[in-house]
Amino acid sequence: MTPELESAYSGRKLASRFATGASSVAVVLALLPLVAVFAYVVSRGARAISIPFFVEPIGERGAGMANAIVGTIQLVFLASAMGIPLGIMAGLYLAEYKATRLARAVRFSADVLAGVPSILVGVVVYAVVVVWMKQFSAFAGAAALAIVMLPLVARTTDELARAVPDSLREAALALGASRWRTALFVVLRTAAPGIRSGCLLAVARVCGETAPLLFTAYNNRFYNDSLLDPTSTLQVQIFTYTMTPNDDWHAQAWAAALVLVAIVIVLGVVARRLLDEKVPG
Amino acid sequence: MLESAEASAKMRADKLSAWFGDKQALRSISLPLVERKVTAVIGPSGCGKSTFIRCLNRMHEVVAGARTAGDVLLDGKSVYGADVDPVRVRRRVGMVFQKPNPFPTMSVRDNVLAGLRLSGITPPDPDAFVEEVLGQAALWDEVKDALDRPGGALSGGQQQRLCIARCLALEPEVVLMDEPCSSLDPVATAKIEELIHDLRERYTIVVVTHSMQQAARVSDYTAFFYLGELVEYDLADVIFTKPSDPRTEDYITGRFG
C-alpha cells in the first residue's frame, strides 16, 4: 500500500469508529427514559403489590383494586369485540379496492383518526353516548377505546393484505371464487399472522389509554352491576389516586401502574412471537 | 382455416379484441378451440397470447383498466353475455398459471379441496376425492404421505401439478394453461407435458407456451400470435412442417422471437 492510501485508509477507519461510537451513545440515550420509567415503576410498584390488591375492591387502608382490574379487562374485551372485527373488515376493503376514491378517502381518514388526541375521542363519545344514555357506562368507555383501536387495526390489515401476492387472488378467482370469498378465505388467511399481532398491539395500546375513559366509563368504587353502569379501571384509578394526598393510595397507584405495564409488555411479546411465526411457502 | 376444427369447437373466440387502458393487446382474434384436443398458443413475448387465454375465462377483466370487445363462445353461448356470471364461467373454464401458486396457508389436501370450499361445497368423501384428483394430476404417489404438509413445501414441479389438481377438482370442461412449465426444470416439464397428453382424454386444453418444441410435442392444433394478431392457425403438424405465412416460418425456425 502506498503511504497516501495508508493515510486515507486510517482516516476512514477513524471516521468509522467515531460514527459507530456516536450511534451507540444515541441508542443508550434513547433507551434511558424507557429503562428509567420501567425501573422506577417496578421498584415502587413491587413494594405496594400484595394479595389484597388483586382481590379487594377499592377502599380505605388494606383495600385493593380488584374492581378496577375487572373493569379494565371488561372494557378492553368489549372494545376489542367492537373495534377488531370492524377494523379488519374495513382494512380488507381498503386493500381489495385500494385504487377507488372511497378507499383513498377512508385510508386518509383512518390516518387522521389515528392522530386525533384520544381525549377528543372521549369527549365525542361523551356527547353522543353518555349524554344520550344519561349516564357514564362501561359500554361508553369501550366505545371510546374501540374508536382509538379502529384506525390502528384497519391500517395494519390494509398494509398486510396488500402485501399478499396478487397471484393468490388470481388463483382463487380462477377457481370461481367470488371477490368476497377470495378476500376472506385467501387474502385474510394468508395475512392472518401479521394481522393477529397488529390487533394485539392495538389492544396493548388501549390498555393504557386513560383520557378517553375520563368522561365515558368514569369511575366506580364498587364492581359495576352491568355494562351500563359507570366502571372503574386501573388507568383512571391511577389518575384518581395520584391526585390525592394519601400515601397509601399513592402506593396503590404504583402497584396499578406495574400491573398495567406488565400487561402491555406481555401483549407486546406475544405479538412479536406471532409476527415471527413464518408462513410456510 | 380448418373446417373440421370449426365444426368440433368447444370454445370459440369471435373477433376478440382486448385492451389494457389505451394499449390494445389483442386485435380481432377469431379462433376455434377443438373439444378434447390440445391447442397450443405460441408467439414471442408480448404478442398477446396470455391475454388471449385470460379473456377466455374472463380473468382479463380482473386487472384494473382492462376491457374486451368481440365475443367468446362456450358451447355456442357467449361468456360475455349480460346475464352471465364470470364466477360460473371460471368454474367451467379452469386456469393454471405461469408461476405455481398453491395457497401457502393450506395443506396439500386443502389446496385440492380449495376450489370446492371457496364455493361453499364439501365433497361427501373428501379423502377419496382428494386421492382421485391427485391421481388425475399424476401427483398422488409422490404426495400421498404428505397430504397434511403445506402446499408450498412441495417442489416446483409438484406445486404446479398440485395447481393442476386444484383446477381439475372443479371438473372444468376446458383447462387453460399459461406457460405452465416456464419456471420448471426439464424433468418436471416432461412430467407436466405427459400429464397434458393424458388429460386430453377428458378436457379441452389450451396451452400458452414460448417453447416451440413444447408446442410441437403436446399440441394437436397450434396458433401463432404476433403483435396481438393471429397470424396462423392449423394442425400442429402443418404449422411446424409447412407453415403458410412467412412470419410463422421465421418464428419457428428461430429467426426472431
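How many residue pairs are in polar contact between chain B and chain A? In this predicted model, the count between the two chains is 4 such pairs, with both residues of each pair at pLDDT 80 or more. Three helices of chain B, namely helix 3 (86-92), helix 4 (108-118) and helix 7 (156-168), each contribute at least two residues to the side of chain B that touches chain A. By residue class, this side of chain B comprises 13 nonpolar, 6 polar and 5 charged residues.

The extent of the interface was also computed. In total, 24 residues of chain B are in contact with 19 residues of chain A. The area buried between chain B and chain A is about 1900 Å², and 68% of this area lies on carbon and sulfur atoms. Of the area that chain B buries against chain A, 33% is supplied by B:Pro104, B:Thr105 and B:Leu118, which is more than any other three residues supply.

Charged side chains were examined next. Over all chains, the count comes to 26 salt bridges. A:Glu170 belongs to helix 7 (residues 166-174) of chain A, whereas B:Arg54 belongs to helix 2 (residues 49-56) of chain B, and therefore this pair joins two chains. The side chains of A:Glu170 and B:Arg54 form a salt bridge with an N to O distance of 2.7 Å. Between chain B and chain A, the count is 1 salt bridge.

Helix packing was analysed within chain A. Helix 3 (residues 66-96) of chain A packs against helix 6 (residues 138-162) of chain A at an angle of about 35 degrees, and the axes of these helices are 6 Å apart. The crossing of helix 3 of chain A with helix 6 of chain A is right-handed. The residues of this contact divide into 22 nonpolar, 7 polar and 2 charged.

Key: Residues numbered from 1 in each chain as written. Chains lettered and ligands numbered in written order. Predicted model: local features only at pLDDT ≥ 70, side-chain atom pairs only at ≥ 80, totals over all residues. Heavy atoms only, no water. Axes fitted to C-alpha atoms, helices over the stretch in contact; angles between N-to-C directions. Helix = DSSP H or I, 4+ residues; strand = E, 2+ residues; numbered from the N terminus. Left-handed = near helix turned anticlockwise from the far one by under 90°. Nonpolar A, V, L, I, M, F, W, Y, C, P; charged D, E, K, R; others polar. Contact = heavy atoms within 4.5 Å. Buried area = accessible area lost by both parts, 1.4 Å probe. Salt bridge = Lys/Arg side-chain N within 4 Å of Asp/Glu carboxyl O. Polar contact = N/O pair within 3.5 Å; in protein donor to acceptor, adjacent residues only side chain to side chain.
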